[in-house]
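Please open the model in a viewer and keep the selection tool at hand. The stops below proceed from one selection to the next.

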Amino acid sequence: MRTLRPRSLTLLVCLLVSSIFLLNPPHHAWAQSTELQTAKQDLVQAFQSIQTAERQGASNTDLLPLTVQLNTALQYEEAADTYFRQGNNSTAVYYYAVQSIDISTQVSYQAQRLGNTAQTTTLYRTTLSYILAVVLALLAAVTVLEASRIRGFLKRRRLLKARIDYGGTSYAE
Amino acid sequence: MEAQATQSRLTPFLVLFISLTAIFSSVTFYAMSSKPSQSFIGFGIYSQNGLQGYLPNSNLTVSVRQTVNWTFAVTNRMNMAEFVMIHTIIGNSSTTPPNATTPSTPPNATALLGATEQFINDGETSRINFTWTIESSYQIAQLTYLNVSIDGQSAVSSAPVGTTSGRNFRLIFELWTFDPVSGSFQYGYPGQTSQVGVWLQVWFNAS
């Protein structure tokens, strides 16, 4: 009986400690660190979207506002990280991390849209340029081969346009 | 007879047309190709009041609790946006500085004080404020150690870096760029064959 008492006490203590964790689970802090982790991942993803858009032909002028926005998202993420390390303001961590995620997501979306538009424009411009090159080659080939005919045609036109001289007006008078 | 005449004119036309198409297409390709350029990242530091301390035994003296404002200038000519990080490391005269391939490795005779991150668009020069303060100094075995705060963050000790009478400390700045493939920052920027290390240092005396 005496030997059982310390064991039951230990069990009781264990149950009490467990119940404390059940009542106040460390879920909140874990969730916030997840938000911070997501903010970091989204920043990298948005940055990669900008690089992809550049490879697809988006201009620096179009992408500059996105980089500025991404730096704002980075500042929010750094603020969240600072509060997380201090460990005394969980609401601030959540707030800044969510702000950062929002901006990063918008930047990703806009970069993808710019990239797709740039890709379509580049494809259109390239096709048009090569079609123009072929048309020019065709015109040049025809011009070279038909040079004598063109010359004759131009001569004829010049003759037709020329004013007819009826042998001097002074005689008629 | 007419068919024969057409045949005799078609052959030179085709030869000429194909040749001219090749020439004009080559010109189009050249005009549409991006011009070759050597990509690089420029890295500098300056102060509105003029910055000394590029050489050892400089006259730059920083007092305890004095706020020092410097500015980094980072120029991105990598033909794409870059995510850069600047490591701020404190060292003394015996510290082995980084070189073109290898960064300095804290805590081996150096101490990492902080890191600043920034996204920089292609063709842009980003100016990043760098504010630092010597919050306090302390002495152990005739060596002076500093507690340095960067951009209002909590102070970080310079240990194991200490100097005699607080002379010849140096702040070393290393430029790191984010590598999307490995998902981590790499020292310097990607060159044609390998990473190109970029770093700066400013010498100062603490009083």
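**Stop 1: a strand pair in chain B**

Select B:F40 and then its bridge partner in β3(B), B:R77. Extend the selection to strand β1 (residues 40-46) and strand β3 (residues 67-77) of chain B: seven bridges join these antiparallel strands. Strands are DSSP runs of E with at least two residues, helices are runs of H or I with at least four, and both are numbered from the N terminus; two strands pair if DSSP finds at least two bridges between them.

This is a predicted model, in which local features need pLDDT of at least 70 and side-chain atom pairs count only at pLDDT 80 or more, while totals for chains, interfaces and linings use all residues. Residues are numbered from 1 along each chain as its sequence is written, and chains are lettered from A and ligands numbered from 1 in the order in which they are written.

**Stop 2: the other partner strand**

Keep β3(B) and add strand β6 (residues 125-140) of chain B; nine bridges pair the two in the antiparallel sense. Here B:W70 lies opposite B:F130 of β6(B).

**Stop 3: chain B as a whole**

Display all of chain B, which has one helix and 14 strands. Its radius of gyration (over C-alpha atoms) is 28 Å, whereas the globule rule (2.2 Å times the number of residues to the power 0.38) gives 17 Å for 207 residues, so chain B is more spread out than a compact globule. Along the principal axes, its C-alpha atoms fill a box of roughly 110 × 30 × 30 Å.

Colour domain 1 (1-33) and domain 2 (40-206) of chain B separately; such bounds come from an automatic or database domain assignment. The centres of these domains, taken over C-alpha atoms, are 62 Å apart.

**Stop 4: the side of chain A that touches chain B**

Which class supplies 16 residues of the side of chain A that touches chain B? First select the contacts (C-beta atoms, placed from the backbone, within 7 Å): 24 residues of chain A meet 20 of chain B. α2 (27-55), α3 (60-86) and α4 (90-145) of chain A each supply at least two residues of that side of chain A, with the largest share, 12 residues, from α4(A). The 16 are nonpolar, beside seven polar and one charged. Ala, Val, Leu, Ile, Met, Phe, Trp, Tyr, Cys and Pro count as nonpolar, Asp, Glu, Lys and Arg as charged, and the others, Gly among them, as polar.

**Stop 5: two helices**

Finally, select α4(A) and helix α1 (residues 2-32) of chain B. Residues of α4(A), including A:Y130 and A:L138, meet residues of α1(B), among them B:F13 and B:F17. The residues of this contact comprise 17 nonpolar, five polar and no charged.
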